[in-house]
Amino acid sequence: VQLQASGGGLVQPGGSLRLSCAASGRIFSINNMGWYRQAPGKQRELVAKIVNGGSTTYPGSVKGRFFISRDNAKKTVYLQMNSLKPEDTAVYYCNAYVASYVGDSYGSYWGQGTQVTVSS
């Protein structure tokens with residue numbers, strides 16, 4: 001199973017970016033999908049999570065600015081980031097819990113990370 005993230009870049013404060021993360025490989029079912037970020041010198045933190053049924057979770061730091069969605073047919077999770085702030089600068093990682101075949105347990109997989117820099 002591989003997760004390929006894309007969409008990062010340099011944006012000015014107040015701007016927007018949309019991240020995408022597509023899962024590929026031997027996939028029977030995908031449960032939770034999410035985005036995490038890690039800034040230099042800091043621990044990796046949850047940015048947004050979406051379960052298979054569509055319920056979402058956000059920490060207070062991004063609530064109302066970031067929005068996660070998924071397209072199950074495309075095995076892809078998205079993160080729409082609005083009103084970006086310099087403190088949102090970090091490497092963003094996608095994560096998914098994947099079962100590869102019927103009866104398999106769900107394993108956690110990570111994308112390679114995509115840099116988001118918010119600066120004027």
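1. In this predicted model, D88 and R65 form a salt bridge in which the closest N and O atoms are 2.8 Å apart. The two partners belong to distant parts of the chain: D88 sits in the loop between β8 and β9, whereas R65 sits in the loop between β6 (56-57) and β7 (66-71). The separation of this pair in sequence is 23 residues.

2. Both partners of that salt bridge are shielded. D88 has a relative accessibility of 0% and therefore counts as buried. R65 is buried as well, its relative accessible area being 10%; the cut-off for this class is under 20%.

3. D88 also forms a salt bridge with R37, and here the closest N and O atoms lie 2.9 Å apart. Because D88 is in the loop between β8 (76-81) and β9 (90-99) while R37 is in strand β4 (residues 29-38), this pair ties together parts of the chain that are 51 residues apart in sequence. R37 counts as buried, with a relative accessibility of 7%.

4. R37 has a further partner in E45, with 2.7 Å between the closest N and O atoms of this salt bridge. E45 is partly exposed, at a relative accessible area of 36%, whereas R37 is buried.

5. How many salt bridges does a search of the whole structure find? The search finds three. R37, E45, R65 and D88 are linked in a network of such bridges. Within this network, D88 is paired with R65 and with R37, and R37 is in turn paired with E45.

6. A separate point concerns T114. This residue is placed in strand β11, which covers residues 114-118. Is T114 buried or exposed? With a relative accessible area of 11%, T114 falls under the 20% cut-off and is therefore buried.

7. The side chain of T114 has a polar contact: it reaches the backbone nitrogen of G8 at 3.2 Å. G8 also appears among the residues in contact with T114 once neighbours within four places in sequence are left aside. The full set consists of A5, G7, G8, L19, A90, V91 and Y92. Of these contacts, A90, V91 and Y92 fall within strand β9 (90-99).

Conventions
Residues are numbered from 1 along each chain as its sequence is written. This is a predicted model: local features need pLDDT of at least 70, side-chain atom pairs count only at pLDDT 80 or more; totals for chains, interfaces and linings use all residues. Side-chain values use heavy atoms; hydrogens and water are left out. Helices (H or I, at least four residues) and strands (E, at least two) are DSSP runs, numbered from the N terminus. Buried means under 20% relative accessible area, exposed over 50%, partly exposed in between (1.4 Å probe, protein chains only). A polar contact is a pair of N or O atoms within 3.5 Å; within protein, one must be able to donate a hydrogen and the other to accept it, and residues adjacent in sequence count only if both atoms are side-chain atoms. Contact means heavy atoms within 4.5 Å. A salt bridge is a side-chain nitrogen of Lys or Arg within 4 Å of a carboxyl oxygen of Asp or Glu.
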